[in-house]
Amino acid sequence: MKTSIPVALQQLDFALSRPFSFKKPGRHKPQNIYIGLLIFTLCLTACASLPNPDGIKNAFIAKMVTVHQFDETELRALFANAVIKDDILKKIAKPAEGLPWFQYRKIFITDARVDAGVKFWQDHAQTLSEAERRYGVPAQIIVAILGVETFYGQHPGKYRVIDALSTLAFAYPPRSEFFLSELEQFLLLCREEHIKPLDPIGSYAGAMGKPQFMPSSFRRYATDFNKDNRRDIWQDNADVIASVANYFRQFHWQTGQAIATPVTSTGEQYKSILNANLKPDLRLARLESLNLKISQPLALVDKVKILELKQEQGEELWAVTDNFYCLTRYNHSALYAMAVFQLSESILIRGQSYGQTHNSRIFYDGMQFFEQPNFKR
Ligand SMILES: [Ca+2]
């Protein structure tokens with residue numbers, strides 16, 4: 001449904017959108033000037049506190065026409081078909097990252113998602129292997145990203161990208177600037193890729209296709225891996241796989257570097273070095289002085305970040321690396337990166353065990369590997 005705009009603001013918008021008319025300078029009574037200033041100030045206050053979708057839309061269209069030479073009539077026809085959706089506005093206010101780890105984890109680390117990941121890997125083994133060779137990003141990471149984002153492409157979202165981006169650009173002031181930029185990128189990519197702007201489907205936030213690329217990421221990182229002159233992240237799994245791998249390579253994935261390992265602690269000295277920054281800044285040599293011990297050696301790592309994740313029974317400690325930080329460039333959340341990492345390990349290990357024997361789930365279950373919290377001791 002369309003959002004309603006107060007009539008006064010519609011009129012103000014109409015007045016502002018009309019060409020200026022010039023009159024001869026004349027005398028004005030001082031009180032009229034004060035009243036005028038008062039009304040102007042009240043209007044500005046109202047404009048600052050209430051969204052004005054039509055005003056933002058008109059300014060956006062003007063920019064696309066002037067800066068990128070889009071046709072105004074075509075853009076107006078396009079946006080006449082775009083819908084401002086209330087359910088998108090509700091969803092953007094409640095991201096899953098607000099959950100504690102033990103609840104967040106249950107969404108993504110499930111038997112069904114691990115099994116489907118193993119199958120996706122088997123079905124696209126050659127492409128994944130080629131992408132791993134070309135970009136240096138492990139196949140299990142590429143598979144896990146697709147698993148977390150869209151259940152391997154099965155749930156790419158149900159919204160038209162044009163509706164999602166229009167809603168958040170025109171009617172969601174807290175992130176309007178960001179989504180206006182993404183809307184601009186979306187129209188540019190549609191023109192470059194010969195896509196009709198009403199066609200692409202994605203998430204409520206405008207993330208597109210199986211890897212859920214925002215339009216700006218698509219233009220920078222999407223890759224035509226099968227050389228058919230199209231970057232298709234909706235249907236073509238070769239392009240999908242290579243685009244995810246290329247994304248991480250561009251964000252400096254370090255081939256062979258460890259990602260994360262559980263940590264045990266005696267005492268609570270480590271609390272002094274906890275902070276919200278995700279970039280590793282703690283030299284491995286300092287762990288001992290903080291009474292921290294990593295559970296296994298970390299390949300090609302000199303600095304880590306210590307994370308404290310909330311389990312039902314207490315806090316769980318992890319040492320995470322630059323490659324973990326790289327995962328957070330896909331979604332700026334430690335919980336997201338940890339879900340991708342644990343899913344990737346579960347898929348890898350379960351896949352390997354399936355390769356040995358179909359009964360190996362009794363011997364090893366990828367779910368069990370991370371089911372035991374690593375409590376401080
Ligand atoms: Ca292609």
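## Contacts around methionine 338

Two residues are taken to be in contact if their C-beta atoms, placed from the backbone, lie within 7 Å. By that criterion, and leaving aside residues up to four places away in sequence, methionine 338 touches Ala260 and Leu309 in this predicted model. Methionine 338 belongs to helix α15, which covers residues 334-356, and it counts as buried because 26 C-beta neighbours fall inside 10 Å, where 20 or more are required. Its C-alpha atom is separated by 9.1 Å from that of tryptophan 101, although the two residues are 237 apart along the chain.

## The chain as a whole

The chain contains 17 helices and seven strands, and 38% of its 377 residues count as buried. Among the contacts between residues at least 6 apart in sequence, 71% join residues that are at least 24 apart.

## Helix α13 and its surroundings

Helix α13, residues 237-250, has 14 residues and reaches 20 Å from its first C-alpha to its last, close to the 20 Å expected at 1.5 Å a residue. Of these 14 residues 12 are buried, so α13 is largely enclosed by the rest of the structure. The buried positions are Asn237, Ala238, Asp239, Val240, Ile241, Ala242, Ser243, Val244, Ala245, Asn246, Tyr247 and Phe248, and the helices against which they pack are α8 (125-135), α9 (139-150), α12 (215-221) and α14 (322-327). After α13 comes histidine 252, which has a positive phi, near 70°; for comparison, most residues other than glycine have a negative phi.

One of these partners, α8, packs with α13 at an angle of about 25°, the two axes being 10 Å apart. The angle is under 35 degrees, and α8 and α13 are therefore roughly parallel to each other, with α8 passing α13 in a right-handed crossing. On the α8 side the contact involves Thr127, Leu128, Ala131 and Tyr135, which meet Asn237, Ala238, Ile241, Ala242, Ala245, Asn246 and Arg249 of α13. Sorted by class, the contact of α8 with α13 has seven nonpolar residues, three polar ones and one charged.

## The loop between α12 and α13

Two residues of the loop between α12 and α13 are described here, namely lysine 227 and aspartate 232. Are they buried or exposed? Lysine 227 is exposed, with 8 other C-beta atoms within 10 Å, whereas aspartate 232 is buried, with 20 other C-beta atoms within 10 Å, a count that meets the threshold of 20 or more.

Lysine 227 has a positive phi of about 55° although it is not a glycine. Aspartate 232, for its part, lies 9.5 Å from serine 243, C-alpha to C-alpha, with their positions 11 residues apart in sequence numbering, and serine 243 is itself among the buried residues of α13.

## Helix α11 and its pairing with α10

Helix α11 has 18 residues, which should span 26 Å at 1.5 Å a residue, and its end C-alpha atoms are 25 Å apart, in agreement with that value. Its buried residues are Phe179, Leu180, Glu182, Leu183, Glu184, Phe186, Leu187 and Leu189, and they pack against α3 (53-68), α10 and α12. Histidine 194, which follows α11, has a positive phi, near 55°.

How is α11 oriented with respect to α10? The axes of α10 (residues 161-171) and α11 (residues 176-193) come within 8 Å and cross at roughly 150°, an angle over 145 degrees, and the two helices are therefore roughly antiparallel to each other. In this pair α10 passes α11 in a left-handed crossing. Val161, Leu165, Ser166, Leu168 and Ala169 of α10 make the contact with Ser176, Phe179, Leu180, Glu182, Leu183 and Phe186 of α11, and by class the contact has eight nonpolar, two polar and one charged residues.

## An exposed loop residue between β5 and β6

Leucine 300 lies in the loop between β5 (292-294) and β6 (303-310). Its phi is near 55°, a positive value in a residue other than glycine. Leucine 300 counts as exposed because 12 other C-beta atoms lie within 10 Å, and the exposed class takes in counts of 12 or fewer.

Methods: Residues are numbered from 1 along each chain as its sequence is written. This is a predicted model: local features need pLDDT of at least 70, side-chain atom pairs count only at pLDDT 80 or more; totals for chains, interfaces and linings use all residues. Axes are lines fitted to C-alpha atoms, for helices over the stretch in contact, and angles run from 0 to 180 degrees between N-to-C directions. Helices (H or I, at least four residues) and strands (E, at least two) are DSSP runs, numbered from the N terminus. Angles under 35 degrees count as roughly parallel, over 145 as roughly antiparallel, 65 to 115 as roughly perpendicular and the rest as oblique. A crossing is left-handed if the near helix is turned anticlockwise from the far one by less than a right angle, and right-handed if clockwise. Ala, Val, Leu, Ile, Met, Phe, Trp, Tyr, Cys and Pro count as nonpolar, Asp, Glu, Lys and Arg as charged, and the others, Gly among them, as polar. The expected span of a helix is 1.5 Å times one less than its number of residues.
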